[in-house]
Amino acid sequence: MINFNLFVLPFFLGLIYVLVAVGKSWYHWIKALTPIDKVKLSTLIRHPKQALSALKEVFLESLVHRKMWKRNPLLGYMHMSFALGWFLLIVCGNIESRFYSGVHVNAPYYPIFLKFFIHDRLVIFFEVFSVPGFFRFLMDFLLLYILSGLVLALLKRQYSNFFGMKRTSRFQFTDRVAMTCLWLIFPLRLLAESFTAGHYGSGGGFLTQPLGDFLVQLLPVPSEFVAYAMWWGYSLSLGIFFVMLPYSRYMHIPTEVLLIFFRHAGIQPKKWYSSFSDTEVQSCSRCGVCIDICQMNTAGIHNAQTVYFIQGVRDRYVPEEITQKCLVCGRCQEICPVGINTDSLRLIKRRELGSGQSTDFSYLKSDDKPKTAQIVYFSGCMTHLTPSIIRAMTGILENAGISYLHLDKDRSICCGRPLMIAGKDRQANELIEINKQIIHETRATLLVTSCPICYRVFREEYNLPIRIQHHSQFILDLIKTGKIPLQGQFKKVVYHDPCDLGRGTKTYEAPREVLSKVTDLLPVKQEANNALCCGGSLGILNVTQQQRAMITKEALDILLENKPEILATACPLCKKTFATHASIPVMDIAELVYQSIPKPSYSASAQSHQAKSYANELI
Amino acid sequence: MKNFGYTIQRDQSIDIDQNDRRIVNYLLSLEPSFNLCLGCGSCTGTCTAGHFVDFNIRRVHTLLRRGESKQLKTEMKKCMFCGKCQLVCPRGVNLRNLIITIQRAIEQIG
Ligand code: SF4
Ligand code: SF4
Ligand code: SF4
Ligand code: SF4
């Protein structure tokens, strides 16, 4: 028997097309890597252990969809049934086909349409313990597994909230075509195999044989003809799916594999739109997980969420409004199952928008003789709007008997992040250089700041050869070394994670540890890496104050659920933003700690001093 | 003494018919919150740049309204974009967006 039929052509040509198209993209992405990144990649491939761990991740993420499982089991099952199910169907189908052909290498279409080619070989139905019988069972089982996922996928379109999603992403034309074909592939395969099995009365498994027998009875037309049509349909849907794949969301399947290898090689996102960024963009599966968690929904903005932004990048046109509309809160980055660096992508595109008018900061150069100190405290612009934090910090420092230099006591130079986050890197770098020079001249070994925005940019962009701490870490060190005595009042407190401190620099524990020493820290429904943005973010320009207020109020609702007495935070901007709307006091952790330092000697001496001077006056 | 911008204008006569209102119109279309400004000067009082140099964001407002775009150009180079002004504005004027829009307008007009 010749193992060929005209109907394999759509599949076969589609397969060749998709392999060439994906191969070409991979080639371009790898070729466009920077020389250093290329070396990194080739090192990875030459080290079997590292390459193996990359492969393991490919298996866990691309096939098992581990992160999806964590998010919602139904969603995880659905993705896994398609990915792992199809993968196993291909692998097992290949093994099975070798058994029939007797050779190791078959034409690629042979295993795919195996049941058509071998219908004349009689296999006893449900004979699980023989090799062919076992495979017959296995293949039907896998098909059933995929079909169960398909049912879920159909349900998800209708009832997405069962899958933990309120909104799902919108699809483009190519996506729709590809998705329809994908969804048709497996039912058509089922029907083709069933009709064939039914027509010949043998060759099917536990699913296809009874179904085939049943369907053939119902048919008014010759079942052989119907079966043949189904094989054509099956092949066509496969072929069209393959041809559409590079132009649809399904391109993420092959791209994610490459992305995982890039990551394991240690390739980092760049400041410009690099080959790595393009791989990330194409790896977005448009799963839509980043839609619901985005707080811009709260402000009534529904067109700028990361999935839509990335869609624009992929289509090589993002309206400026969408690029700019983002709090850069990092929430979507935390949750993205593909692990795309969404924040850095946004900033790359903002940079591209043109860096704007040039600046002139020559007025910042001063000839003042610099003061020196081991420990330098930089409060930051925002902290100057909340003087209570500065008072608390200087109070703590003095109580601990530390000699320090308050670098921006009278006036602050901006750290540069506000400019940077708006895409004005060149201008930001001017400020960074000036600040670096000033910090350098103090000969400090430790730089402490009260502002997470400054803290982040100090760490990420300044390349300072000294230690940098946010005040929460610094205070924790002071407490641990017993430098400040504490007498906590243990009021009920909830802690709000500032975006730049939490997700931005992964500082989650230090502030909590500090708070637990002086307060009764209550849990919050959404905290740590899932904490909400306060709404004051400098990352967004084009929202109104009213929209910001909506975001703030929503965050407050969640924070105040457990009825705390005080809302604690570790960022002057969060404090200022919340204070406008909160019904309870909003305090920085520095203030709470400072409050808890017993000061009997201080007040006693102050009183006696006052009394003395009064007495002097009387005499 | 800090210059809050109440006595900022030098003696001059302004020909209203010759005002270049392009920037302010462009601005108002993109950032209508500019209309909410009551000229209180809080933004200037807190301005980070204003602590170092003669820079007065409220004066910028006035220059804009009067269409004196030549002076604007040198003024706008001084802003550090820190956002303090926006946080203190009692009227909820979206100052950072306002500033970036002015800068862009200047760039385009040349
Ligand atoms: S960015 Fe991530 S979370 Fe959002 S749609 Fe793409 S893959 Fe899903
Ligand atoms: S960074 Fe925040 S605001 Fe921006 S898209 Fe992601 S979740 Fe939304
Ligand atoms: S953003 Fe510009 S105008 Fe506003 S306070 Fe900062 S430096 Fe001043
Ligand atoms: S603080 Fe607001 S209302 Fe006051 S002058 Fe500045 S922009 Fe106008």
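How many salt bridges does the rule find across the interface of chain A and chain B? Just one, in this predicted model.

**View 1. Chain A meets chain B.** Here's the meeting place of the two chains: 33 residues come from chain A and 29 residues from chain B. Together the chains bury about 2,700 Å², with 60% of that on carbon and sulfur atoms. Look for Gln357(A), Tyr363(A) and Leu541(A): they supply 27% of the area that chain A buries against chain B, more than any other three residues.

**View 2. The salt bridge between Glu320(A) and Arg104(B).** Zoom in on Glu320(A) and you'll find its partner across the interface, Arg104(B). The closest N and O atoms of this pair are 2.7 Å apart.

**View 3. Polar contacts, and the side of chain A that touches chain B.** Between the two chains, nine residue pairs are in polar contact. Which helices of chain A each supply at least two residues of the side that touches chain B? They are α20 (417-420), α26 (545-559) and α27 (572-579). Sort that side of chain A by class and you get 18 nonpolar, nine polar and six charged residues.

**View 4. The shell around ligand 4.** Now for a ligand: 14 residues surround ligand 4. The closest are Cys37(B), Cys40(B), Gly41(B), Cys43(B) and Cys89(B). Two helices of chain B, α2 (42-46) and α3 (57-66), each chip in at least two residues of this shell. As for the mix, the shell around ligand 4 has eight nonpolar, four polar and two charged residues.

Note on methods. Residues are numbered from 1 along each chain as its sequence is written. Chains are lettered from A and ligands numbered from 1 in the order in which they are written. This is a predicted model: local features need pLDDT of at least 70, side-chain atom pairs count only at pLDDT 80 or more; totals for chains, interfaces and linings use all residues. Side-chain values use heavy atoms; hydrogens and water are left out. Contact means heavy atoms within 4.5 Å. Buried area is the accessible area (1.4 Å probe) that two parts lose on being put together, summed over both. A salt bridge is a side-chain nitrogen of Lys or Arg within 4 Å of a carboxyl oxygen of Asp or Glu. A polar contact is a pair of N or O atoms within 3.5 Å; within protein, one must be able to donate a hydrogen and the other to accept it, and residues adjacent in sequence count only if both atoms are side-chain atoms. Helices (H or I, at least four residues) and strands (E, at least two) are DSSP runs, numbered from the N terminus. Ala, Val, Leu, Ile, Met, Phe, Trp, Tyr, Cys and Pro count as nonpolar, Asp, Glu, Lys and Arg as charged, and the others, Gly among them, as polar. A residue is near a molecule or strand if one of its heavy atoms lies within 4 Å of it.
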